[in-house]
Amino acid sequence: MPEIRLEHVTKRWGKFYAVDDLDLVIENNSFVTLLGPSGCGKTTTLRMIAGLETPTSGRITIGDQVVFDSSLGINVPANKRKVGFLFQNYALWPNMTVYENISFGLSNIKEPLPKTDFEAKNAARLAEILQNPAEVVKILEDCRDKTGKIDEKKAYIKLIDAFTISLYTAKKLYAYHLEQGKDVSGEITALQSKADGAKKAQGLNDEFQAVQNGQVVMETRKLTREEIDLSVRRVSRIVKIGMFMDRYPAELSGGQQQRVAIARTLAPEPSVLFMDEPLSNLDAKLRLEMRYELQRLHVETGSTFVYVTHDQMEAMTLATQICLINNGVLQQYDAPLTVYNRPNNLFVADFVGNPSINFVEAKGKQQPDGSVALTLFGRHAAVFRPAQPLDLPGWMKDRDARQAAAAEEHKKKSAEKGFVEKTNKDETFRYHIPKVEEDDFSLQEDPVLTDEDLVLGIRPEFIDITDSGALEGEIYGAMPTGMESTIKVRIDDFLLTGVVFGSTLFKIGEKIRVDFSGSNIMLFDRRSGKCIAFGSLEYRR
């Protein structure tokens with residue numbers, strides 16, 4: 001499967017930038033999720049790679065083929081990119097059976113294909129199978145109903161799955177009635193002679209493809225019904241819908257219809273499979289089951305999957321890499337656990353994680369020993385100890401230099417001919433801090449921030465309830481789910497979310513002691529929203 005590379009890809013409508021200067025490399029055989037809130041540009045990105053949307057500028061490469069380049073005027077149409085697309089709605093033809101829905105696209109393919117003698121190939125395959133009649137008999141005996149009669153439909157499916165053959169070959173095999181103990185040695189000899197004769201007469205290779213001057217002869221043609229059936233049966237085995245071939249979409253459940261849509265997409269053997277929120281129409285339990293199916297499908301097909309979702313749980317559980325986008329701008333591109341444990345900024349930390357991360361505003365200054373002395377919740381003293389050596393004043397200086405360089409670069413671009421100013425401006429993410437009495441942001445003026453203004457990010461699992469805790473708190477809310485409880489803890493006028501494992505019951509209003517554990521507590525710069533460091537937090541009594 002090919003690597004996908006996006007270089008400085010931009011898509012805008014007027015002054016609205018749906019995707020803004022995106023650089024991205026999707027590795028071979030990876031499962032990448034494009035994650036972000038509604039309207040962030042993830043579906044637009046997917047459609048540009050697939051060829052369903054034309055970028056305003058940039059370059060897109062799939063494997064060794066440049067499929068779009070604005071400077072060279074290259075724009076390969078979607079049907080030439082050899083990619084599969086799975087939409088949010090199943091888009092199945094209601095008047096066609098499952099088989100017809102899957103095979104519909106295959107019947108329209110016309111491209112250079114090896115010149116093959118399928119009659120001779122099938123004869124050789126039948127001879128090979130007939131040489132072990134006991135295996136065929138065992139399969140047929142398993143297909144007897146209560147009256148002792150063989151269920152033909154079930155027998156065809158089992159023969160297809162067992163020997164990887166088409167329906168037409170399965171019918172020929174069944175017609176020998178090996179379960180009756182017939183001697184087929186003569187048939188085997190005739191089939192082998194037919195296959196060998198065709199090989200010699202036409203100069204065929206072991207795959208029964210015509211060969212000339214050591215090269216397989218290619219011809220522009222449509223797929224034969226044998227090839228179409230083999231493809232349909234292959235993908236139906238992968239998604240486990242072999243028994244539903246004669247049914248219509250209305251006779252299937254939502255999960256089964258989604259499997260049919262997946263099979264139809266896989267049938268032409270696309271080099272890349274794109275999925276745009278394919279599970280959003282399913283109920284919660286079925287969505288979970290289909291996640292497992294998609295994981296298995298990715299491993300079995302060895303394909304590159306690119307998956308659009310706004311559900312961070314789907315992204316965390318399915319992806320090998322998460323591409324998190326906001327306002328058309330790439331925020332982070334990393335493995336799921338890296339995105340969760342090492343977010344680049346406040347937006348990433350807030351968007352990934354369920355329950356959501358706790359943000360705590362702080363005033364802080366670095367001490368001679370490298371730690372950062374903090375004041376939290378307006379009055380509590382604490383110490384943040386970075387896991388790695390930290391030069392906080394140096395970090396702030398580098399931040400200012402980067403921002404100045406970005407402003408200078410923007411100034412240069414704005415002077416270029418054809419430049420269009422972005423109306424959907426990029427701003428520092430405005431996080432939410434839950435309080436007992438919520439503030440109305442619309443009535444507040446933007447604060448004047450200094451280098452001492454910081455934000456702590458504390459995951460719910462880092463909040464410990466212990467008798468020796470440094471902070472006094474109160475249970476404000478509790479939601480037990482069996483193996484764990486999600487709780488809201490009130491500290492002064494602030495609310496923190498915690499996760500407590502086990503079946504402990506909490507009463508609203510109960511007084512508790514709280515502490516913070518772990519070395520992955522995050523320290524953010526409030527002015528830029530960037531992550532500064534990771535470390536541990538100690539409260540001073």
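This passage walks through the overall build of the chain, its salt bridges and two loop residues.

The structure is a predicted model, so local features need pLDDT of at least 70 and side-chain atom pairs count only at pLDDT 80 or more, while totals for chains, interfaces and linings use all residues. Residues are numbered from 1 along each chain as its sequence is written, and side-chain values use heavy atoms, with hydrogens and water left out.

Starting with the big picture, the chain holds 14 helices and 26 strands; helices (H or I, at least four residues) and strands (E, at least two) are DSSP runs, numbered from the N terminus. Its radius of gyration is 31 Å, against a value near 24 Å for a compact globule of 541 residues. That radius is taken over C-alpha atoms, and the globule rule is 2.2 Å times the number of residues to the power 0.38. The C-alpha trace spans about 95 × 65 × 45 Å along its principal axes. Of the 541 residues, 47% are buried, where buried means under 20% relative accessible area, exposed over 50%, and partly exposed in between (1.4 Å probe, protein chains only). Among contacts (heavy atoms within 4.5 Å) with a separation of 6 or more, 67% are between residues 24 or more positions apart.

The accessible surface adds up to about 27400 Å², with 50% of it belonging to carbon and sulfur atoms; the areas come from the Shrake-Rupley method with a 1.4 Å probe, and for residues only the protein chains shown count as cover. As for charge, there are 68 positive and 76 negative side chains, and the centres of the two sets sit 3 Å apart. Here Lys and Arg count as positive and Asp and Glu as negative, with His and the chain ends not counted; each charge is placed at NZ of Lys, CZ of Arg, CG of Asp or CD of Glu.

On to how these charges pair up. With a salt bridge defined as a side-chain nitrogen of Lys or Arg within 4 Å of a carboxyl oxygen of Asp or Glu, the count comes to 39. One of these joins Asp206 to Lys199, with 3.2 Å between the closest N and O atoms. Asp206 is exposed at 65% relative accessibility, whereas Lys199 is partly exposed at 24%.

A network of salt bridges links Arg399, Asp400, Asp451, Asp525 and Arg527. Within it, Asp400 pairs with Arg399 at 3.0 Å between the closest N and O atoms. Arg399 counts as buried because its relative accessibility is 2%, while Asp400, at 35%, is partly exposed. Asp451 and Arg527 also meet through their side chains, at 3.8 Å from N to O. This pair ties together distant parts of the chain, 76 residues apart: Asp451 is in the loop between helix H14 (392–414) and strand E19 (453–458), and Arg527 is in the loop between strand E25 (521–525) and strand E26 (531–539). Both ends are partly exposed, Asp451 at 33% and Arg527 at 32%.

Two loop residues round things off. Glu277 sits between strand E12 (272–276) and helix H10 (284–301) and is buried, with a relative accessible area of 14%. Beyond its neighbours within four places in sequence, Glu277 is in contact with Lys42, Gln88, Val308, Thr309 and His310. Asp151 lies in the loop between helix H4 (133–141) and helix H5 (152–163) and is partly exposed at 35%. From Asp151 to Asp398 it is 247 residues in sequence and 75 Å in space, C-alpha to C-alpha.
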